[in-house]
Amino acid sequence: MKIGISAAGKDLDALLDPRFGRCPYFLIVDTETKEFEVADNPGNTAGGGAGIKAAQAFLQLGTKELVTGQAGPNAFEVLVKGGVKIYQAPQVKISEVIDLYHSGDLKELTTPGGRGRGSR
Amino acid sequence: MKLAVLSGKGGTGKTTVAVNLALSLAGKGEKVLFLDTDVEEPNAGLYLKPVLEESLPVTIPYPEIDQEKCDYCGKCANFCQFNALAVAEGLVLTFQELCHGCGGCVLVCPKEAIQEGKREIGVIEKGWADSIKFWQGRLNIGEPFAVPITRHLKNGLADVQEDIVIIDAPAGVSCPVIEAVRDSDFALLVTEPTPFGRHDLELAMKMVDHLGLPSGVVINRAGKNNDLISEICQERNVPILMEIEFSKLLASLGSIGVPFSRVLPQWQDRFWGMYQSIKEGCPCAS
Ligand code: SF4
Ligand code: SF4
């Protein structure tokens, strides 16, 4: 299974970045083989509407599961309408996020978090 | 003459000054139009108690997408610098509250799938407060764009007969303030003698300089710390036109929504005098 994770860095030792819209990278990790790819998050540098931009880019990656800290209302809407399941994890290393995924300890995020800076 | 009343921040008594000035000039027989451009929080009406006769909606355009025609190419979303659109396979979403209504997405869509809808963001209300003509704009709650409403309000000025227009500007030095104040003939800067008041006055002075407007200062709640303000007025060569001394009477009148010049006629004379000196010193004087 391939999952997307909002990440502060580019490898499995990097920390999960809790801000979906503004995280610098998405790591797409194969949960079995632990192989991964890195994609830039264009929302990171967006002025307004970062969450929307991030969510659109995430959908284009084709992954249907996301692990992050929280997603604002706009990002949440795009992700959910795009068929993505969102899980919440604490700010730990990506490798630990994968362990949490395996142990079934990730909580599904069913409501958006607070609006980010980018609401205007 | 178009006279803008502004202050670098809220709570300095800007609206009080604007309202008392309008009442004083009207009391002397001048024809006055009062414009409340603080569209996020129009509150001059609380003092002037106008009877509103007209309410006109203000709209801005937003994209409406015909899902039948759209092939999800994503060009619209790529174009939109405000990220008001999101496109993915089989999905196109619009976020109205982020859309600035530039119309660019309509032009770039190769499938002609985007039409311009209209979205109401607020209203302009017009009426009378006795002999004072009164207009105000009101932005719907949660709407981020104040400027289009201010612009609509000010567009109406072209056909106005009144000799004096008093513009109650929003607090601060943001885009809506500039829209409210630009192309006025004079800027009346309301401040209070505190370090914060001084700091915000300086910001307002810079903005007014930038717009090339002549200006003068009113010190509200004036008292022993007036030096804080007079220093920077001297530095920048801006006259202090009036000092409203702090008094319990004025404060309590304000708190019950009574403009003090209504019950204290000597203030009408002081505001009238201030207006005369603005008129004399102002190149716009007609
Ligand atoms: S009209 Fe302009 S701001 Fe609005 S969605 Fe289209 S491109 Fe974006
Ligand atoms: S540009 Fe037109 S066709 Fe392309 S995604 Fe946008 S609405 Fe659809």
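User: Which residues in α2(A) are met by Gly51(A), Ile52(A), Ala55(A), Gln56(A), Phe58(A) and Leu59(A) in α1(A)?

Analyst: Happy to start there. Both helices are DSSP runs (H or I, at least four residues; strands are E, at least two), numbered from the N terminus. Contact here means heavy atoms within 4.5 Å. On the α2(A) side, the partners are Asn74(A), Ala75(A), Val78(A) and Leu79(A).

User: And what kind of model is this?

Analyst: Residues are numbered from 1 along each chain as its sequence is written, with chains lettered from A and ligands numbered from 1 in the order in which they are written. Side-chain values use heavy atoms, leaving out hydrogens and water, local features need pLDDT of at least 70, side-chain atom pairs count only at pLDDT 80 or more, and totals for chains, interfaces and linings use all residues, since this is a predicted model.

User: How do the residues of the contact of α1(A) with α2(A) divide?

Analyst: Ala, Val, Leu, Ile, Met, Phe, Trp, Tyr, Cys and Pro count as nonpolar, Asp, Glu, Lys and Arg as charged, and the others, Gly among them, as polar. By that scheme the split is 7 nonpolar, 3 polar and no charged.

User: What is the arrangement of α7(B) and α8(B)?

Analyst: Helix α7 (residues 195-211) and helix α8 (residues 227-236) of chain B pack at about 20 degrees, with axes 9 Å apart. Axes are lines fitted to C-alpha atoms, for helices over the stretch in contact, and angles run from 0 to 180 degrees between N-to-C directions. Under 35 degrees counts as roughly parallel, over 145 as roughly antiparallel, 65 to 115 as roughly perpendicular and the rest as oblique. That angle therefore makes α7(B) and α8(B) roughly parallel.

User: How many charged residues are in the contact of α7(B) with α8(B)?

Analyst: The α7(B) side includes Arg198(B), Glu202(B), Lys206(B) and Asp209(B), while α8(B) brings Glu231(B) and Arg236(B), among others. Alongside 7 nonpolar and 1 polar, the number charged is 6.

User: How many polar residues are in the shell around ligand 1?

Analyst: Residues around the ligand (a heavy atom within 4 Å) include Cys80(B), Cys99(B), His100(B), Gly101(B), Cys102(B), Gly103(B) and Cys105(B). The shell has 9 nonpolar and no charged residues, and its polar count is 3.

User: What distance separates the centres of domain 1 and domain 2 of chain B?

Analyst: The bounds, from an automatic or database domain assignment, are 2-58 + 122-281 for domain 1 and 67-112 for domain 2. Taken over C-alpha atoms, their centres are separated by 41 Å.
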